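Please open the structure in a viewer and keep the selection panel at hand. The tour proceeds by selections, each followed by a description of what is found there.

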Amino acid sequence: MPQNVKLLVTRQFPANVLERCQRDYNCTLNPNDTDWPDEELIDQSFGHDAIFFSSGNKFTADVIAALPNEVKILATFSVGYEHIDLSAALKRNLVVVNTPHVLNEATADIAFMLMLCASRRAREADKMVRNSDWHGWTPTQLLGIGMQGKRLAILGMGGIGREVAKRARSFGMIIHYHNRNRLPEHLEQGAIYHQSAEDLMKVADFLSINCPMTPKMKYFLNTDKIKLLPNQAIVVNTARGGLVHDDSLISALKSGRVFAAGLDVFGGEPAVNPEYLKLDNVFLSPHIGSATFETRDAMGFLALDSLDAFFAGKEPLNRIA
Ligand code: 8YV
């Protein structure tokens, strides 16, 4: 084990993960569970061979250029890597690894939680009971939209999207998807492929956003795309907040053009557009897609497996640069 390797750990990862970091590496831990600002991160990185961090740290070209030469590998505790300038890393011969696959199920569960909470008006229901505003059952109280027989449009049919599809099948939904590439039949499992994302919007009784954030996809869900959705669509996002143009979605939620939304991720999080907070037809959660004990341990262990391989002179797993 690489005991002599110096590892900078920027966040207070789960106890099992930190224990393994400290067992196997010469670690510097962050005593506070907050992201160091860029300059401090750079200062802290001196004397370290590797940095293990979360998506709160932005490894821009400038930050990467300022890292000391001894830093050889970056390990992000996330599948998403839009916070890392991979071409800057490649140029500098800096290896980068991430943690895909292990969070697919947990994130798909949250997509489903959001779909159910949005379509069945969980926020209003909970509020009614808590506020003692429930004065008895009525035949038309809090009617929502059922999932059975509805078309679920999955934008991004990677590992998470496919887990969403798996759950949706047992809810009797008809699965449509768009992905950069069409999946082979054994992964498609009957899901209907749409070559363009615009076409997919037209069948989205429910829309689940599961694609990575790229510059091209910024504000994907804007007024034009919303106009393509069937009336009273349900929108859920467990990918990245920047994929949604908030003002467009908010006005569609206010008018009822979009029946409800479930959002786990936000552009500029932890800040949340205050208009969402005023709407009863939005169910909100604070980026908890991968937040299970099992998943967060698995993410940490996967990153450490990659670091172990790298420092043992082998090709690291899940290398993205
Ligand atoms: C993390 C995520 O919670 O993996 C991702 O890309 O969004 C989440 O699982 C978060 O990014 C922490 O780094």
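The stops below concern the ligand, a buried asparagine and several aromatic rings in this predicted model.

**The ligand and its shell**

Begin by selecting the ligand together with S54, S55, F77, S78, V79, G80, L103, R240, H287, S290, R296 and M299, which surround the ligand. By class, this shell comprises six polar, four nonpolar and two charged residues.

Next, display the distances from the oxygen atoms of the ligand. A polar atom in the side chain of S55 is 2.7 Å from a ligand oxygen. At V79 the backbone is involved: one of its N or O atoms lies 2.7 Å from an oxygen atom of the ligand. The side chain of R240 likewise places an N or O atom 2.7 Å from a ligand oxygen. Of the 330 Å² of accessible area that the ligand has on its own, the protein covers 88%.

**From F77 to a ring cluster**

Keep F77 selected, since this residue of the ligand shell also belongs to a cluster, and add F13 and F52, to which ring pairs link it.

**N57**

Move now to the loop between β3 (50-53) and α3 (61-66), where N57 is found. Is N57 buried or exposed? Its relative accessibility is 1%, so N57 counts as buried, the cut-off for that class being under 20%. Select T10 as well: the side chains of N57 and T10 are joined by a polar contact of 3.1 Å. Then add W36, whose backbone oxygen lies 3.3 Å from a polar atom of the N57 side chain.

**Aromatic pairs**

The structure holds nine aromatic pairs. Select F266 and Y276 for one of them: the ring centres are 6.5 Å apart and the planes meet at 65°, so the pair is edge-to-face. This pair links distant parts of the chain, with F266 in the loop between β11 (258-263) and α12 (274-277) and Y276 in helix α12, 10 residues apart. Both F266 and Y276 are buried.

Proceed to F310 and F311. Their ring centres are 4.9 Å apart and their planes stand at 85°, so this pair is edge-to-face. F310, at 21% relative accessibility, counts as partly exposed; F311, at 23%, counts as partly exposed.

**A charge over a ring**

Finally, select K225 and F220. The charged end of K225 sits over the ring of F220, at 4.4 Å from the ring centre.

Definitions and conventions:
Residues are numbered from 1 along each chain as its sequence is written. This is a predicted model: local features need pLDDT of at least 70, side-chain atom pairs count only at pLDDT 80 or more; totals for chains, interfaces and linings use all residues. Side-chain values use heavy atoms; hydrogens and water are left out. A residue is near a molecule or strand if one of its heavy atoms lies within 4 Å of it. A polar contact is a pair of N or O atoms within 3.5 Å; within protein, one must be able to donate a hydrogen and the other to accept it, and residues adjacent in sequence count only if both atoms are side-chain atoms. Accessible areas come from the Shrake-Rupley method with a 1.4 Å probe; for residues, only the protein chains shown count as cover. Ala, Val, Leu, Ile, Met, Phe, Trp, Tyr, Cys and Pro count as nonpolar, Asp, Glu, Lys and Arg as charged, and the others, Gly among them, as polar. Rings of Phe, Tyr and Trp (its six-membered ring) pair if their centres lie within 6.5 Å; planes under 30 degrees apart count as stacked, over 60 as edge-to-face and the rest as tilted. Helices (H or I, at least four residues) and strands (E, at least two) are DSSP runs, numbered from the N terminus. Buried means under 20% relative accessible area, exposed over 50%, partly exposed in between (1.4 Å probe, protein chains only). A charge sits over a ring if NZ of Lys or CZ of Arg is within 6 Å of the ring centre and within 35 degrees of the ring normal.
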